[in-house]
Amino acid sequence: MTSSSASTAQPSSPTRPKFVPTPSTIPLVNACADIARRVDHYLSTTPASEARETAVLRQRTKERVRESLDVISEALERYSIDELAISFNGGKDCLVMLVLLLASLHYHSSQYPPQRIHTVYVHSFNAFPEVDAFVNDCAALYSLDLIRLSPPMKTAFQTFLEAKPHVKAIMVGTRRTDPNGAELTFFDETDHGWPKFMRVHPVIEWRYAEVWHFLRELEIKYCILYDLGYTSLGGTTDTHPNPALKLDSGLDRAGEQPFQPAYTLIDDDKERLGRNA
């Protein structure tokens, strides 16, 4: 349950991180082994006692994990690791996707021993400094071969594929409840008029609560903005703390209204309340 190491204690956060790794370039094989160990432990253990609601969420999330690992395994069978890339913007959903890819690379390590992971980061026009910092941390922690590009998305992907002409498939962290996510499957060719590649959606069926349960159970580092009440990250001009998480306990030390952390939200339908229409 770990946010960015650049964070400071906030009144709105009831529990602070227990594990904050220091960003440093380490061999990808080591990062994959560490993540696979955490995933294996999560899948193989069950607390002796926990609330029924939590137990149901845990079981459902384990099913999502296994399903997503199967999708990524199929992608690794269809494409070599050099033909596969990820789209990573520092958000919680693509972070789950990245974690599961790292675990999968460990399981397939004899067949796929990459040095770095091809990665495209299409940043917002008015990107949060905290998001940029977190993406940089992930690039170091998880050996991401990162190419930063500006919107629009179509042009950015075209530029990325011109720089990486061997890439045939890109993993995307879209979920069913995201805009334009309703009709997607695990594997979808890009639409007419877009650069040609296979879109892989390993986390398409995940629900909001499952995302946070998984990240917190594995103690995965995440962007500090989520601890400040942001539940869906865009740019500074169109993204705000989610009003559904506003606390009624007065102002914080900065004189602002405090918010609960993103992981306290339950309802998928309220996830994007902090985003401008």
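# Reading a predicted fold, feature by feature

Biologist: I86 sits in strand β2, residues 84–87. Is I86 buried or exposed?

Modeller: Keep in mind that this is a predicted model. In it, I86 has a relative accessibility of 0%, so it counts as buried.

Biologist: And which residues is I86 in contact with, once its neighbours within four places in sequence are left aside?

Modeller: The list includes M97, L98 and L101. I86 also contacts I117, H118, T119 and V120, and then L144, I170 and M171. For a sense of how the chain folds back here, take A169: it is 83 residues from I86 along the chain, yet their C-alpha atoms are separated by 8.3 Å.

Biologist: Let me step back. How many helices and strands does the chain have?

Modeller: There are six helices and eight strands. Reading from the N terminus, the order is β-α-α-β-α-β-α-β-α-β-β-β-α-β. The chain has 277 residues, and 51% of them count as buried. If you take contacts between residues at least 6 apart in sequence, 72% join residues at least 24 apart.

Biologist: Now helix packing. How are two packed helices described?

Modeller: By the angle between their axes and the distance between the axes. Try helix α2 (residues 52–78) with helix α6 (residues 208–217): the angle is about 90 degrees and the axes are 9 Å apart. That is why α2 and α6 are roughly perpendicular to each other.

Biologist: Which residues of α2 and α6 meet?

Modeller: From α2 you have L57, R58, R60, T61, R64 and V65; facing them in α6 are A209, E210, H213, F214 and E217. Sort the residues of this α2 and α6 contact and you get four nonpolar, two polar and five charged.

Biologist: How do the axes of α2 and α3 cross?

Modeller: Helix α3 covers residues 92–107, and its axis comes within 9 Å of the α2 axis, crossing at roughly 60 degrees. The two helices are therefore oblique to each other. The crossing of α2 and α3 is right-handed. On the α2 side the contact uses V65, S68, L69, I72 and L76, and on the α3 side M97, L100, L101, S104, L105 and Y107. The residues of the α2 and α3 contact divide into nine nonpolar, two polar and no charged.

Biologist: That brings me to cores. What do nonpolar side chains tend to do?

Modeller: In soluble globular proteins they tend to be buried together. Here the largest nonpolar core has 67 residues, and V39, F88, Y142 and F214 have the most contacts inside it. Helix α3 gives the most to this core, with eleven residues. Another core, of twelve residues, lies apart from it, and A85, V122, F160 and V172 are among its members.

Biologist: What is F88 in contact with, leaving aside neighbours within four places in sequence?

Modeller: C94, L95 and L98, for a start. Then come T119, V120 and Y121, and finally F134, V135, C138 and L144.

Biologist: Is K92 buried or exposed?

Modeller: K92 belongs to helix α3, and with a relative accessible area of 3% it is buried. Not counting residues up to four places away in sequence, K92 touches R175, Y208, V211, W212, L215, Y226, T231 and E271. T231 is 139 residues away in sequence, while the C-alpha to C-alpha distance is 8.9 Å.

Biologist: Last topic, the backbone. What sign of phi do most residues other than glycine have?

Modeller: Negative, and most peptide bonds are trans. So look at the exceptions. S143, not a glycine, has a positive phi of about 55 degrees. S143 lies in the loop between α4 (129–141) and β4, and it is buried, with a relative accessible area of 3%.

Biologist: Where is E219, and what is its phi?

Modeller: E219 is in the loop between α6 and β8 (221–222), and its phi is positive too, near 55 degrees. With 21% relative accessibility, E219 counts as partly exposed.

Biologist: And which residues does a cis peptide bond join?

Modeller: P151 and P152, with omega about 5 degrees. To find P152, go to the loop between β4 (144–149) and α5 (153–163).

How values were computed
Residues are numbered from 1 along each chain as its sequence is written. This is a predicted model: local features need pLDDT of at least 70, side-chain atom pairs count only at pLDDT 80 or more; totals for chains, interfaces and linings use all residues. Side-chain values use heavy atoms; hydrogens and water are left out. Axes are lines fitted to C-alpha atoms, for helices over the stretch in contact, and angles run from 0 to 180 degrees between N-to-C directions. Helices (H or I, at least four residues) and strands (E, at least two) are DSSP runs, numbered from the N terminus. Angles under 35 degrees count as roughly parallel, over 145 as roughly antiparallel, 65 to 115 as roughly perpendicular and the rest as oblique. Contact means heavy atoms within 4.5 Å. Ala, Val, Leu, Ile, Met, Phe, Trp, Tyr, Cys and Pro count as nonpolar, Asp, Glu, Lys and Arg as charged, and the others, Gly among them, as polar. A crossing is left-handed if the near helix is turned anticlockwise from the far one by less than a right angle, and right-handed if clockwise. A nonpolar core is a set of buried Ala, Val, Leu, Ile, Met, Phe, Trp, Tyr and Cys residues joined through side-chain atoms within 4.5 Å. Buried means under 20% relative accessible area, exposed over 50%, partly exposed in between (1.4 Å probe, protein chains only).
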